[in-house]
Amino acid sequence: MSTTTSAPAGRKPSSRSFKERVDTMPRAVKIVLWVVFAVFLFLLPLLNIPFITTEGSDFGGVLFTVATYVLVALGLNIVVGYAGLLDLGYVGFYAVGAYTVGVLTSEHAHLSWVLVVPIAIVVAMVSGVILGAPTLRVRGDYLAIVTLGFGEIVRLTLVNSQWLGGAQGISDIPKPPGVELFKVPSLDWSAGVPVVDLSTTSTFLKFGINDFVPYYWLALGIIGLVLLFDILVKSSRVGRAWEATREDEDAAELMGVPTFRFKLLAFALGAAIGGLSGALFATKAGFISPDSFQLLLSILFLAAVVVGGAGNRWGVIVGAIVVGYFPERFRDFADFRVLVFGLALMLLAIFRPQGLLPPRRTVRAKRADDRQAVLEEGEASA
Amino acid sequence: MPEPTQPTTGDEVTEINPDADIAPVDIGVPDVAEGEKLLEVDEVTLRFGGVVALNEVSFHINKGEILGLIGPNGAGKTTCFNVMTGVYQPTSGAVRYLGKPLGKRKKFQITKLGIARTFQNIRLFANMTALENVLVGVDAHHSTGVVSAMFRLPKHRREEAQGFARAMELLTFMGLDGKANELARNLPYGDQRRLEIARALATSPQLLCLDEPAAGFNPAEKVKLMELIRTIRDQGYTVLLIEHDMKLVMGVTDRIVVLEFGRKIAEGSPAEIRDNPAVIAAYLGVDEEDAS
């Protein structure tokens, strides 16, 4: 008796993965589901769903932070997950993006935010090329050490350069220009059932100093664009070249892949996305200082990618949510946060070493390996 | 009673489809007439410190032939491959391809010029599918970059469509079309070897270098491999073959070059090589009094 895809209706065979199930849906259903999901994500900070909503800190602000983590994880995933380059200094690019915005909108010039963000992306990208061009000739652990150094160099430069604000950092970073189109009401759960609360609203799209929900919307929109970019580029010659380089650099080179060029490209694109995320952070925070770009942040970013499953974009998004959200949600355990986080990482390393959502290739390979092991055992006992 | 799943053993031989059209596509290098010199190894010496891996080795490969490169273990056969594909730079001497020295060209540039190889130890992209492995080879002559991919420009779509068609043709030729979406690491050993050849053929090489393709094969598979190599040649490729198995080399090659301790000790047709005393001595050893 075998359960195949033509199993009797009413009971989904459990062997089918989530992705397979989604793939077999009609196109229209898929689109509707995606739209519903997107609307849900946009409304999330206003739904005030009990338990999920953080009580100690503003939920919109927390969601914005999580969104920047997601963005960073998507960028770092290109470098670590696709191209297989261990980068421990990613916070450097995040800082470059944030400081470009700080310098050009507040410290030394007063350019428009709309103009500055693309500049920040380009500057971060250039810094990625500058770091990558000499260092991508070394591999593996050596690259990790060199990039680790880069992150620290950026931070120390910020501390010691008065032109960049020194240890005091840069303040009064202006808000992005907004438009006030309509107000979105929130839900109030204090009565036990959700009631539309017309007095607490967020304005679409006004970037104020009290209401962080519009920043979250902005970040969410950008994540959507970056995801689309990721999907399109990954499923092309570029994505294959990255994977081939990760799998066997020498063999890839001998099959006609200019590996150095593609590694540099991964580095530059990853840096650009990191810089974009930093630019968003600076915009929302309004104030940046070298303390915002500690080495620990690099480790957290990398943790997001590894926890989620390097190489799987959906996995790293989950990883970023775990790393960004849970410490905020469980602020009550403030003193034990890092301890719990460490324990969780250890458990993960033991039970899911490939990450929460490993790339499908790993899942498929694992399944095939198991099948082979069963067969070999069968042969041995026969 | 039918068995639900058969264990895949090495005994199964995947049948190839010799009718598939796998002829090399034009990669923009000058054409060489059949029988003319395609590649020439000219007095190549390679030293690693005090070790002389190759010592003034000279031979050439003609377009359209199957040349065997044989020799005992450590004779420098794979090193010779590595010099030809740009992994090592010769200490002195030169490798001339299409009449021009390869010089200091990078590995991927040499591949683009039309020299492709397989590896003695299989080096597939293990976590990519069979199809993706071959696509990487086809991509060698593509130029889609981030911008083309991002906006799905016509170049991207054209190259993807062409690449997919060619990759599937190659997989069909190798009898692997049914396993296109299997991860390379999950393929049986023989299929992995064939996939490596398919990946190398995907770069449309003028010269295909096979490094011990029969390693680990049983006699039945070796026969199939000989057939495969001949079919590849008949489709318009030139083949350089490193192999240990004498029967296979004698059966499939047009000419043979024999290396020993980094020197060329013989060159000629399979029949000449079989009777060459120096070759026999290298492989079987000689009695003290016969040694010259």
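Which residue in β2(B) does B:Glu40 stand opposite? In this predicted model, the partner of B:Glu40 is B:His60. That pair is a good place to start a walk through chain B, before we turn to chain A.

**A hairpin in chain B**

Strand β1 covers residues 37-48 of chain B and strand β2 covers residues 51-62. The two strands run antiparallel and are joined by eight bridges. Two residues lie between β1(B) and β2(B), making the arrangement a hairpin. If you look at the turn, you will find B:Gly49, whose phi is positive at about 60°.

**The two domains of chain B**

Chain B is assigned two domains: domain 1 is made of 29-114 + 206-287, and domain 2 of 123-204. Taken over C-alpha atoms, the centres of domain 1 and domain 2 of chain B are 26 Å apart. Where they touch, domain 1 of chain B gives eight residues and domain 2 of chain B gives nine residues. On the domain 1 side of this contact, α2 and β7 (207-211) of chain B each supply at least two residues. That side of domain 1 has four nonpolar, two polar and two charged residues.

**Where chain B meets chain A**

The contact between the chains involves 33 residues from chain B and 27 residues from chain A. On the chain B side, at least two residues each come from α2 (107-113), α3 (130-138), α4 (146-150) and α5 (154-173). By class, the residues on this side of chain B are 13 nonpolar, 10 polar and 10 charged.

**Annotated spans and a helix in chain A**

An unreviewed UniProt entry lists several stretches of chain A under "transmembrane region", among them 31-53 and 338-357. Here is how those two look in the model:

| Span of chain A | Helix | Strand | Distance between end C-alpha atoms |
|---|---|---|---|
| Residues 31-53 | 74% | 0% | 28 Å |
| Residues 338-357 | 70% | 0% | 23 Å |

Another stretch listed in that entry is 295-326 of chain A. Helix α12 of chain A takes in residues 313-329. Its 17 residues, at 1.5 Å a residue, should span 24 Å, and the end C-alpha atoms are 24 Å apart, so the expected and modelled values agree.

Which residues of α12(A) are buried? They are A:Arg313, A:Gly315, A:Val316, A:Ile317, A:Gly319, A:Ala320, A:Val322, A:Val323 and A:Gly324. The helices that the buried residues of α12(A) pack against are α3 (59-82), α7 (213-234) and α11 (295-308) of chain A.

Conventions. Residues numbered from 1 in each chain as written. Chains lettered and ligands numbered in written order. Predicted model: local features only at pLDDT ≥ 70, side-chain atom pairs only at ≥ 80, totals over all residues. Contact = placed C-beta atoms within 7 Å. Helix = DSSP H or I, 4+ residues; strand = E, 2+ residues; numbered from the N terminus. Nonpolar A, V, L, I, M, F, W, Y, C, P; charged D, E, K, R; others polar. Domains from an automatic or database assignment. UniProt positions renumbered as here; feature names shortened; annotations may be inferred. Pairing = 2+ DSSP bridges. Expected span 1.5 Å × (residues − 1). Buried ≥ 20, exposed ≤ 12 C-beta atoms within 10 Å, placed from the backbone.
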